[in-house]
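Q: I've got this one open on my screen. Can we walk through the ligand site and then the sheets?
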Amino acid sequence: MISRIDLRGDALPEGAALRDLLPRAEFDVEAALETVRPICEDVRHRGSAAVIEWGEKFDGVRISSVRVPAEALTKALEELDPAVRAALEESIRRARLVHREQRRTTHTTQVVPGGTVTEKWVPVERVGLYVPGGRSVYPSSVVMNVVPAQEAGVEGVAVASPPQKDFDGLPHPTILAACALLGVDEVYAAGGAQAVAMFAYGTEDCAPVNLVTGPGNIYVAAAKRLLKGRIGIDAEAGPTEIAILADATADPVHVAADLISQAEHDPMAAAVLVTDSEELAAATEAELVPQVAATKHVKDRIEPALAGRQSAIVLVSSVEDGLKVVDAYGAEHLEIQTADAAAVADRVRNAGAIFVGPWAPVSLGDYCAGSNHVLPTGGCACHSSGLSVQSFLRGIHIVDYSRDALAEVTHHVVTLAEAEDLPAHGAALKARFGWKVPQQ
Ligand code: NAD
């Protein structure tokens with residue numbers, strides 16, 4: 001059901017050579033770029049008509065209007081199951097607690113007497129938040145997108161999620177209800193690359209946005225990569241990944257359950273166990289069989305995800321080597337299930353989010369830990385963070401110098417300008433002092 005990669009024995013290689021030994025998806029974001037390019041171009045030229053047609057092709061339903069009417073949002077909230085409403089409210093409450101503390105304050109540094117640099121944080125004006133809805137529906141992703149945007153102070157918040165054929169082409173009612181619960185009224189029935197292109201280029205129904213955030217499948221991640229620059233993006237948050245670094249103290253029942261929980265997202269999801277324990281590896285392999293058989297999305301998602309080249313049990317000689325492996329892999333979600341898990345977690349450098357010890361499974365973070373579940377995948381955790389208030393802010397430096405403060409530093413600026421063969425840069429300062437460098 002899941003393959004093994006044995007890295008015991010010889011010393012582990014470093015960097016890219018180590019990454020080459022680790023599990024990798026067969027179809028990656030780079031390959032998906034060619035699939036999404038014509039979709040994005042079509043939306044750019046034909047607007048809503050193209051969004052509707054691509055939706056019909058991929059989501060199997062033709063809609064008359066991309067914008068979701070206000071009444072549909074109100075109705076979805078009125079009809080929401082009270083238990084789901086209570087769970088969403090708790091998820092929102094915890095997410096707000098964490099994200100509110102991420103707000104940035106204006107800070108002024110006095111560089112010299114009369115010379116200051118102030119950094120002020122300004123929210124992005126208008127954002128497009130993607131909420132997946134192909135194989136599963138993700139009201140939790142409404143929470144994870146909207147809460148940090150609101151806490152950052154973003155004024156223009158638009159949400160897009162695929163049209164559902166069972167719901168007259170509207171996004172899933174739980175998604176609409178979550179939007180209504182959070183006070184978001186601009187919602188579009190658009191999925192995949194066509195939704196990202198709609199946000200980036202704008203259409204007759206949807207004004208263009210400055211930033212697109214949110215998780216999605218490989219096509220959503222590819223469209224974000226393709227249109228980055230025209231729009232800002234958070235990170236590529238594509239098909240889910242779980243890596244578990246575990247030793248002999250871990251419980252194979254928990255390990256198997258957690259691997260399956262993320263394989264459940266997508267046949268392209270990755271589930272990777274890194275362990276120095278042959279016994280844990282064997283017990284996890286054995287445990288996967290009944291647990292997979294007992295769950296729901298077996299044939300379409302879990303089995304292909306676990307059997308795919310992106311998933312494996314990686315055997316290492318020690319937890320120390322395991323740390324090197326998980327750092328090279330840079331998982332979206334990393335669980336540490338070892339003795340002294342907190343100390344091991346503290347040493348990890350590359351991961352989207354780290355879940356420490358037996359009582360912090362990834363599923364907790366998916367819904368109700370307070371942490372954000374929109375996290376970088378495909379190794380992007382080596383250079384990017386998960387979604388946060390910071391994702392929706394821009395830091396602007398305000399430079400304020402007096403005449404004396406400028407005079408004091410002019411000779412350095414002129415010297416550096418000449419060293420770069422850019423004399424007009426120096427002249428811009430000299431012009432203020434009678435075309436001379438002020439005396440020190
Ligand atoms: P989705 O909304 O991401 O994708 C559905 C859309 O994909 C469709 O509307 C369609 O437009 C497009 N599509 C489908 N097949 C296509 C094809 N052959 N060519 C072009 N476009 C196509 O929903 P999903 O498929 O359920 O995927 C959700 C994904 O989000 C999963 O992979 C899950 O792992 C991931 N996820 C990631 C995170 C994260 O933070 N990294 C969090 C939650 C979910």
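Q: Which helices each supply at least two residues of the shell around the ligand?
A: The model is predicted, to say that up front. The helices are α3 (48-59), α8 and α9 (218-227).

Q: And which residues come nearest to the ligand?
A: Asp59, Tyr130, Arg135, Thr240 and Asp266. They belong to a set of 30 residues around the ligand.

Q: How do the residues of that shell divide into nonpolar, polar and charged?
A: There are 12 nonpolar, 14 polar and 4 charged residues.

Q: Back to threonine 240. How far is its polar side-chain atom from an oxygen atom of the ligand?
A: The distance is 2.7 Å.

Q: What about backbone atoms? Where does asparagine 217 sit relative to a ligand oxygen?
A: A polar backbone atom of asparagine 217 is 2.8 Å from an oxygen atom of the ligand. Glycine 216 also has a backbone N or O atom 3.3 Å from a ligand oxygen.

Q: How much of the ligand does the protein bury?
A: The protein buries 91% of the area that the ligand exposes when taken alone. That area is 860 Å².

Q: Sheets now. What is the strand order in the open sheet of 5 strands?
A: The order is β6-β5-β4-β7-β8, and the pairing is parallel.

Q: Which strands stand at the edges there?
A: β6 (186-189) and β8 (232-233). Each has a single partner strand, so one side of each lacks a neighbour in the sheet.

Q: How many bridges are there between β5 and β6?
A: Strand β5, residues 156-161, pairs with β6 over 4 bridges. Serine 161 stands opposite alanine 189 in β6.

Q: You mentioned α8 at the ligand. Which strands does it lie across?
A: Helix α8 (residues 192-201) lies across β4 (126-130), β5, β6 and β7 (211-213). The helix runs at about 160° to β5. α8 also supplies at least two residues of the ligand shell.

Q: Next, the open sheet of 3 strands. What is its order?
A: The order is β2-β3-β14, with antiparallel pairing.

Q: Why is one side of β2 and of β14 left without a neighbour in the sheet?
A: β2 and β14 (393-401) stand at the edges, so each has just a single partner strand. The twist averages 20° from one strand to the next.

Q: How many bridges join β3 to β14?
A: There are 9, in the antiparallel sense. One partnership puts glycine 115 with tyrosine 401 in β14.

Q: Which helix packs on that sheet?
A: Helix α16, residues 403-419. α16 touches β2, β3 and β14, and its direction makes about 90° with that of β14.

Q: Last topic, the hairpin. How many residues lie between β2 and β3?
A: There are 2 residues between them. Glycine 114 in the turn has a positive phi of about 85°.

Q: And how many bridges join those two strands?
A: 5 bridges join β2 (residues 107-112) to β3 (residues 115-123). Glutamine 110 has threonine 116 in β3 as its bridge partner.

Methods: Residues numbered from 1 in each chain as written. Predicted model: local features only at pLDDT ≥ 70, side-chain atom pairs only at ≥ 80, totals over all residues. Heavy atoms only, no water. Pairing = 2+ DSSP bridges. Contact = heavy atoms within 4.5 Å. Axes fitted to C-alpha atoms, helices over the stretch in contact; angles between N-to-C directions. Near = heavy atom within 4 Å. Polar contact = N/O pair within 3.5 Å; in protein donor to acceptor, adjacent residues only side chain to side chain. Areas by Shrake-Rupley, 256 points an atom, 1.4 Å probe, with all protein chains shown as cover. Nonpolar A, V, L, I, M, F, W, Y, C, P; charged D, E, K, R; others polar.
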